[in-house]
Structures are given as structure tokens and as C-alpha cells.
Amino acid sequence: MLDKVIIDMLIEGTVATLYMTLVSTLFGYIFGLPMGIVLAVTDQEGIKPNGIIYKILDFIVNLMRSIPFLILLILVMPVTKALVGKTYGSTATIVPLTIAAAPFIGRMVESSLKEVDKGVIEAAQSMGAGTFTIIWKVLLAEARTSLLVGVTIAVGTIFGYSAMAGVIGGGGLGDIAIRYGYYRYESDIMFVTIVILVVLVQILQGLGMMLSKKLDRRHM
Amino acid sequence: MEPIIRVENISRTFQAGNGQVEAVKNISFSIEKGEIFGIIGLSGAGKSTLVRCLNLLERPNEGSIFIDGKDMMNLSQAELRRERQDIGMIFQHFNLLMQRNVIDNICFPLEIAGVSRNDAKKRAEELLEIVGLSEKAKAYPAQLSGGQKQRVAIARVLANNPKILLCDEATSALDPQTTKSILKLVKEINRDYGITVIVITHEMAVIQEICSRVAVLDHGSMVEEGTVEELFRAPKTEEAKKLILNEFRHIKEMRSERMIRVTFGGSSAFEPFIGNAVLEYKTPLNILYANTKTINGNAEGEMILQLPESQEIADRMIEYFKENNLGVEEVDHYVG
């Protein structure tokens with residue numbers, strides 16, 4: 001059953017899954033991190049409260065998060081087509097994955113930044129620090145452990161989403177699992193892909209947690 | 001000479017649910033350069049809001065604040081940030097950056113001020129020397145004791161050579177021994193660098209230890225202001241009496257009908273006035289509590305006396321003490 005063709009296909013699938021997950025996480029943060037920062041900063045309790053900006057962004061984030069991923073996949077196909085040129089394959093899947101991940105990452109960043117001790121922020125203000133300095137040197141620096149835990153969670157979630165994209169020919173391990181396990185009843189191949197998925201998630205989670213612990217100076 | 005801090009009729013109101021809370025009500029005061037000025041009040045009196053008005057962490061709704069002649073309320077954001085570098089602040093919970101080590105914490109205000117990395121490091125090392133923590137340069141705040149953390153915070157606050165130091169309950173999270181050492185350090189800073197210090201506290205002991213003048217805050221209003229000796233000898237308002245007598249709570253088991261608190265300065269300490277009173281009126285007096293304190297380098301004594309049952313003799317004794325220039329007030333309402 002596990003001949004060279006299948007093994008090559010599984011390796012290729014694994015690489016495609018990792019490629020989709022990591023690139024989408026990166027893009028997710030490119031959009032989600034600023035969103036989270038703006039949410040935390042413009043919040044009523046933030047360092048530059050702004051009710052209008054907060055409410056608009058809050059609404060957009062909630063709206064995007066309430067669309068189920070499978071529907072989002074289909075919904076954004078025109079955008080995907082315009083950006084990538086096709087709607088199937090791993091690269092095309094990065095578009096809906098990023099759109100789904102960004103608001104969710106934004107929320108996690110927001111909550112991480114809100115955990116930063118108000119007293120430390122006040123101390124920075126009393127020293128004459130401006131908004132940008134506080135964001136960069138206080139909020140992001142002090143919340144780094146929590147932010148890294150967030151990255152780990154984001155990677156895990158996007159990983160799961162990427163497998164779901166297999167339904168519409170998204171490429172990667174999810175795609176293989178659906179094609180062999182669901183359409184062709186070759187459940188042994190599906191089983192192997194599940195094992196690979198589980199192992200990959202474990203490794204990614206373990207790495208993320210290890211890194212965030214290593215960088216935490218709050219407990220000695 | 002223009003006082004370094006001049007506060008005129010400031011008020012700060014907060015919106016709380018449906019109502020408004022007036023945290024600071026129409027307060028005015030001035031502080032001269034080089035003073036250590038205390039602001040005392042029970043929790044909720046508005047001390048923290050008042051001190052935050054001085055560097056505009058809280059913006060008063062009304063009134064004006066002049067720091068070194070500069071009208072703080074009319075500064076642009078950039079000017080205000082520049083001005084804040086001259087007004088250091090230390091806090092009850094130290095507020096150090098937990099993810100940075102000690103030396104980098106001290107470098108932080110220098111980074112804000114745009115000092116180069118090398119110069120900042122050098123300055124931070126000097127400051128660590130001053131606060132006596134050179135060996136902890138590479139430690140993280142989580143590895144330090146409360147007193148050590150406050151020392152780091154003090155080093156950090158000194159980095160930009162401030163003109164003013166605001167201490168917001170800076171010793172309230174520390175044990176009495178550590179409190180003493182931190183207050184000593186603050187006093188040295190005041191003396192050696194001429195930094196004007198404002199101390200916010202709910203503890204009379206802190207005021208007596210380092211302040212020259214004191215203001216009493218109650219429900220957002222400044223009810224009394226004067227030298228620490230004046231407040232110690234003759235507190236005028238109910239609030240001030242409460243704060244001073246706070247430390248006698250433990251003698252409530254011994255409370256009796258009529259008690260007085262007698263205070264006396266260094267010179268009267270030589271007069272055996274209790275003995276004289278007993279001899280004069282042929283009636284014994286009971287001393288419930290006695291203590292001497294150093295206020296601004298002068299010895300000040302205080303006693304809580306239980307007066308005889310006879311009203312007449314008691315009144316005459318009070319008269320006698322007053323004639324001898326002792327501070328006298330009845331305290332039975334306050335103790336216990």
C-alpha cells in the first residue's frame with residue numbers, strides 16, 4: 001500500500017500543509033497584529049481611547065469571525081482568483097486562510113496586550129514616553145510571552161483550517177485525507193495522514209510553548 | 001521666588017455610572033524648590049488623583065498647574081512629554097518592566113529621552129551604584145525583594161535628572177525596616193541633588209520621617225496644611241486628628257472616660273510636668289502611652305494620659321498643661 005508514489009505524495013502533502021500554515025500565519029500576523037494593537041490602544045481603557053475607531057474595527061472583526069471557515073473559503077474565491085490566478089492548490093488556499101486568521105489573531109493580540117500591567121504603562125507615561133514607544137517597548141515587549149502562546153495557538157488553528165480547505169482542492173494533507181479516505185475509501189492512507197497531522201501539531205505546539213517559556217522573565 | 005510647583009484651584013471629576021465622583025475639589029497649594037512635601041489622607045481621599053494631576057497623567061477639569069513657572073495645562077503633547085522627563089514618579093507596586101533586567105529598566109527612560117545606548121548603560125551603572133544595587137545589574141525584577149525593586153525604580157527615576165520626584169505610596173507595600181531605608185534614600189536624594197519631593201501616603205510615620213510640610217486631604221478637599229510640627233502638636237481638623245491618632249488604636253482595651261494627648265517639644269522634655277501636676281493636684285495620673293519621635297531632626301514627645309475621675313481636677317490639669325506650652329487635646333473620641 002505504502003509504495004514510493006504514495007510516500008512521495010505524503011511528503012509533498014506535508015510540505016504543502018506546512019507551507020500553507022506558516023505562510024498564512026505570517027500573513028495573518030501582518031494584518032492581525034496591527035488590528036490587535038489598534039484594538040488594545042483605542043479601547044476605553046487603552047492608552048489612546050477612541051470609541052469610533054474601536055467600534056468600527058471591533059464590528060469588522062466580529063463580522064469576519066462569525067463566518068464559518070468552509071463558507072468563507074467559497075465566499076472569497078473571486079478574491080483568491082484575482083490575487084493568485086486560480087482557486088485550488090496550496091498557494092490559493094493561503095488567501096482564505098489569511099482572511100480567516102487575521103481577525104482571530106487580532107483578538108488574541110488584543111487580549112495579550114490588555115494583560116500588560118496598567119501600572120507599568122503609567123510609569124512609562126510618567127517618563128514622557130509617547131504612544132509609539134509604549135506600544136513597542138512596553139505593550140509588545142512585556143506581553144511577549146502571551147503573544148508567543150498566541151502564535152502557537154494561531155498556528156494550530158490555521159493548521160486545522162488548512163486541512164479543511166482540502167474539501168475544495170486546497171492541497172496538502174487535508175486534501176489527501178479527503179481524496180483517499182472519503183472519495184476512495186482508502187482509509188489506511190487517511191489514517192497515515194492523521195498520524196502525520198497529529199505529530200506535526202505536537203511538534204509545533206511544543207516548539208511554541210518552549211520558546212515562550214524560555215523568553216519569560218516574570219517568574220524565576 | 002517662584003515656587004517650583006504652584007497649583008491653583010484644580011478639580012478633577014470622574015464619571016462613575018450615573019453620577020459624578022469629585023476626586024479632587026478646588027485644591028490650591030505651592031511647593032518651594034528643595035522641599036519634601038507630604039500629602040496625607042485615608043484611602044479614597046483623592047491623594048493619587050491629586051499627585052497624577054501634577055504630571056497630567058490625570059488632566060484636571062478646572063484650574064491651573066505651574067511647574068517651574070510653566071503652565072502645564074497649555075502644553076502641546078510633545079512639550080508635555082518633554083516636561084514629564086523632569087518629573088519623576090515612583091509607585092507603590094514599583095511598576096518595573098518585568099521582561100527587562102535591572103540595568104535595562106534603568107536605561108528605559110534614557111531610551112525615551114533619546115540617549116545613546118552606550119551613554120545610557122554608563123549612566124545606569126552609576127545610578128545602580130548610588131542606590132547600592134550594583135551586583136544586581138543583570139537580575140530580573142522577579143528575582144528582587146520589594147525594597148530592591150523600589151531601589152531600582154528610584155535609580156530609574158533619577159536617570160533623567162528630574163527636578164521633581166513624586167512618590168505615590170512608595171513605601172506602602174514594604175515592611176517597616178525597608179520603609180525606613182527607602183525613606184532614607186529619598187531624603188539623601190533630596191539633599192544631594194536638590195530634587196523637590198512630593199510624598200503621598202496614608203501613614204503619619206512616613207510624613208514624620210521625611211517631610212517638612214504636609215497637607216491633609218479628605219474627600220477630595222485639602223482640609224489642613226502646615227509644617228509637620230504644627231500638625232503633630234496641634235492638629236486642627238477632625239481628619240488630621242484621626243490620622244495622627246490612628247496609631248493608638250491598640251490601646252483601646254485600656255480606654256477610660258477621659259483621655260488627653262499631650263505633645264511636647266525638645267525644651268519641655270526637661271520639665272517634669274507630669275510629676276508637677278500630680279504634686280500640685282494631689283491626684284494620680286495614668287500614662288497610657290508615651291513616645292518620642294524625631295521630626296525634621298527635632299525630638300518631639302507625645303503621651304496619652306488618663307485623667308482623674310473628678311471633672312474639676314481634670315479640667316484644671318488640662319489648664320496646667322496648656323499654661324506650660326504643651327500641646328493638649330482630648331482624644332477619647334478617636335481612640336478605639
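**Exercise 1. Find what percentage of the 220 residues in chain A is buried.**

Solution. Buried residues account for 39% of the 220 residues in chain A. To be counted as buried, a residue must have 20 or more other C-beta atoms within 10 Å of its own. Keep in mind as you work that this is a predicted model.

**Exercise 2. Describe the make-up and extent of chain A.**

Solution. Start with the elements: chain A has 10 helices and 0 strands. Reading along the sequence therefore gives the pattern α-α-α-α-α-α-α-α-α-α, with helices as DSSP defines them. Next, look at the extent: the C-alpha trace spans about 70 × 45 × 25 Å along its principal axes. Last, turn to the contacts of chain A with a separation of 6 or more: 70% of them are between residues 24 or more positions apart.

**Exercise 3. Work out which element of chain A has the lowest mean pLDDT and which has the highest.**

Solution. Begin with the whole chain: the average pLDDT of chain A is 92, and 99% of its residues score at least 70. Then go element by element. Helix α9 of chain A (residues 172–183) has the lowest mean, 87, while helix α6 of chain A (residues 118–126) has the highest, 97.

**Exercise 4. Trace the sheet in chain B and explain why one side of β6 and of β10 is left without a neighbour.**

Solution. First, write down the order: 6 strands of chain B form an open sheet, β6-β7-β8-β3-β9-β10, with mixed pairing. Second, look at the ends. In chain B, β6 (87–91) and β10 (221–227) stand at the edges and each has a single partner strand, so one side of each has no neighbour in the sheet. Third, add the twist, which averages 15° from one strand to the next.

Now pick one pair inside the sheet. Strands β3 (residues 36–40) and β9 (residues 213–218) of chain B run parallel and are joined by 4 bridges. For Gly38(B), the bridge partner in β9(B) is Val214(B). As background, strands of a sheet pair through backbone hydrogen bonds, either parallel or antiparallel.

**Exercise 5. Describe the side of chain B that touches chain A.**

Solution. Count the residues first: 18 residues of chain B are in contact with 19 residues of chain A. Then see where those of chain B sit. The elements of chain B giving two or more residues to this side are α2 (77–84), β6 and α3 (102–112). The largest share, 3 residues, comes from α2(B). Finally, sort the residues on this side of chain B by type: 9 are nonpolar, 6 polar and 3 charged.

Methods
Residues are numbered from 1 along each chain as its sequence is written. Chains are lettered from A and ligands numbered from 1 in the order in which they are written. This is a predicted model: local features need pLDDT of at least 70, side-chain atom pairs count only at pLDDT 80 or more; totals for chains, interfaces and linings use all residues. Two strands pair if DSSP finds at least two bridges between them. Axes are lines fitted to C-alpha atoms, for helices over the stretch in contact, and angles run from 0 to 180 degrees between N-to-C directions. A residue is buried if 20 or more other C-beta atoms lie within 10 Å of its own, exposed if 12 or fewer, and partly exposed in between; C-beta atoms are placed from the backbone. Two residues are in contact if their C-beta atoms, placed from the backbone, lie within 7 Å. Ala, Val, Leu, Ile, Met, Phe, Trp, Tyr, Cys and Pro count as nonpolar, Asp, Glu, Lys and Arg as charged, and the others, Gly among them, as polar. pLDDT is the predictor's confidence in each residue, from 0 to 100.
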